[in-house]
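Let's take a walk through this structure, starting with the whole chain and ending at a single residue. Have the model open as you read.

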Amino acid sequence: VNPDFGQVEADPAVVNLTAFETRFQERRPFFVEGTGIFRFDLACNDDPCDGLFYSRRVGRAPQLLGYVDDDYDFSAASAPTATTILGAAKLTGRTKRGLSVGLLDAVTQRERGGHGLTIEPATNYAVGRLQQDFRQGASGLGAMVTAVNRDLRPENVRYVRRDAYTGGADFRHRFGTENGWQLSGYLTGSLVRGDTAAMRGTQESGVHNYQRSDSRLDFDPSRTSLAGTGAQLGLQKLNGLFQFYTGYTRLSPGFEVNDAGFSPRSDQQDYNSWFSFVLNKPRLFYRQAQVTFGHWGQWTVADRLPIGRGANVNARGQLTNQWWLNMGVGQDNLGAVYNDRDARGGPAFRRNQLLSSWLGIEGDQRKRLIPYVYGSYRRGDHGRTSYYDLSPALDVRASTNFLMSLSPSFAWNTDDSQFYTLATTYEYVTDVEGNVVDSIGTDHYVFGRLKQRWVSVRTRVDYTMTTKLTLQFYAEPFASAGQFGNLRELGAPRDANYDRRLVPFAQSALPGGEIDNSSVNVRLFNSNTVVRWEYRPGSTIFLVWSQGRFDWGQFPGSFDTGRDYGRLFRAHPDNTFLIKASYWFGL
């Protein structure tokens with residue numbers, strides 16, 4: 001029994017201007033322990049992977065927090081920023097015959113915002129997982145189901161899905177010499193249900209985009225349910241000098257797992273292949289090395305529209321002085337490929353080629369001072385778009401019981417085709433007397449040139465004072481500024497000529513005049529201090545102090561590190577103090 005749902009470390013600060021949700025790492029002890037049994041990976045791009053279960057859904061930020069429409073105002077200054085978990089139970093284990101079992105059920109309470117309106121309904125989350133190993137673990141079969149059921153009120157039945165179910169089966173089979181080959185895959189399905197308005201919102205979300213004007217997807221405003229499927233098959237060589245993987249993944253347009261899981265988009269099929277040369281025998285200048293060549297392609301399922309195609313090569317190795325080196329270069333958007341999400345429901349538009357490169361260096365882990373540095377560079381839109389980042393870091397191991405890490409990060413971003421807004425102009429129809437009898441609206445998908453900078457400094461301290469008393473500290477100040485300019489709209493979105501895709505936007509035709517050419521300056525600070533005392537074997541007390549600061553609106557579009565960090569630390573702090581205790585009952 002571990003009734004601890006608190007988060008030990010704050011989430012990193014991010015500014016997300018994409019059409020997709022940001023995924024954060026799970027750090028709450030209750031969900032971290034035994035998490036491996038609940039994995040059912042759908043797609044992996046390094047780590048983390050998309051999957052049927054994403055535990056951060058339990059206790060999530062209320063979905064309608066701050067939401068305002070014509071009928072309801074859900075906002076409230078005193079509204080909670082996270083949903084309270086009333087209780088949860090988890091069972092994990094493994095039998096002598098190789099059957100692994102995972103069961104989890106959690107209940108969250110109804111949260112209220114403005115005027116007592118529900119911003120997150122009372123919800124039950126249930127997850128079940130079985131995995132059976134064969135041949136001493138060389139092969140295996142598994143199954144997983146999830147269920148999310150919400151107690152909806154009249155004020156939110158239009159915005160939130162009532163029920164969501166997923167189920168799937170996966171397998172792996174190793175064969176060949178020393179079981180050096182593996183065949184793996186899965187089949188899965190999903191079903192979500194709710195009010196017609198909620199299902200319209202589901203179809204129009206960035207996950208699905210059923211409403212896209214140039215798509216064959218069947219947008220149905222009368223739906224009360226949506227179902228979909230997913231499948232994957234992959235073949236991998238696991239050992240030897242030459243290793244490789246090739247696989248195919250397909251997610252149908254109606255595939256929806258984001259009530260209990262995480263999948264940023266559906267209506268996608270892709271293949272992914274990589275080939276590696278693995279050198280494990282030390283030579284003159286390295287201890288081990290690996291060179292990998294990768295290639296991938298992506299298409300929509302409904303239209304077979306190419307949405308991604310690229311290749312890269314990267315190398316990673318450990319030098320004879322115990323330092324690590326990682327570098328690579330890649331080219332994306334090869335050939336005619338299209339972006340079907342960034343216009344937020346508008347037509348797909350052609351992408352330009354994108355060149356990327358990266359370099360990382362890690363110091364000798366045996367030393368007291370361990371330096372790191374990572375940098376990357378991207379260039380696209382025929383040189384109009386560019387991105388640079390630099391992240392040096394230093395670990396200081398003052399003694400065996402004290403470790404401090406300092407990780408500043410700097411980034412410069414210029415995006416010439418960043419989505420800005422959807423604007424509508426109207427043509428009015430009048431009768432013979434000049435009275436307006438009708439209007440015809442025309443949507444304009446407006447993009448701009450975004451210039452953005454940000455700086456963060458992440459600090460961690462781990463201090464083991466005694467075998468029973470430890471201190472953990474985490475802090476990250478973050479400042480970002482961005483400014484839009486050169487606003488244009490989609491003209492001929494699939495034209496090979498960049499200047500015909502994005503054409504000048506006549507703002508004077510808009511009702512009320514021009515759009516604000518907005519800019520932003522955001523400053524955030526998150527910190528956590530945790531003292532852990534194991535007062536008896538297996539039983540602990542945690543003293544937690546969390547602080548958050550937020551400041552924005554001043555000096556829009558202007559970036560000055562000293563000025564912005566000074567304002568940040570003068571901002572009003574929100575402090576949270578917690579005492580958490582656990583007691584181990586043993587025989």
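Of the 587 residues in the protein chain, 43% count as buried, meaning under 20% relative accessible area with a 1.4 Å probe, protein chains only. Keep in mind that this is a predicted model, where local features need pLDDT of at least 70, side-chain atom pairs count only at pLDDT 80 or more, and totals for chains, interfaces and linings use all residues. Residues are numbered from 1 along each chain as its sequence is written, and side-chain values use heavy atoms, leaving out hydrogens and water.

Zooming out, the C-alpha trace spans about 90 × 55 × 55 Å along its principal axes.

Now for the inside. The largest nonpolar core (buried Ala, Val, Leu, Ile, Met, Phe, Trp, Tyr and Cys residues joined through side-chain atoms within 4.5 Å) has 27 residues, and Leu42, Leu52 and Leu104 have the most contacts inside it. Apart from that core lies another, of eight residues, including Phe419 and Tyr445. Back at Leu104, its contacts (heavy atoms within 4.5 Å), leaving aside neighbours within four places in sequence, include Phe30, Phe53 and Tyr125.

Last stop: Ser276. Is Ser276 buried or exposed? It's buried, with a relative accessible area of just 1%. Leaving aside neighbours within four places in sequence, Ser276 is in contact with Leu241, Phe242, Gln243, Gln290, Val291 and Thr292.

Definitions and conventions
Buried means under 20% relative accessible area, exposed over 50%, partly exposed in between (1.4 Å probe, protein chains only).
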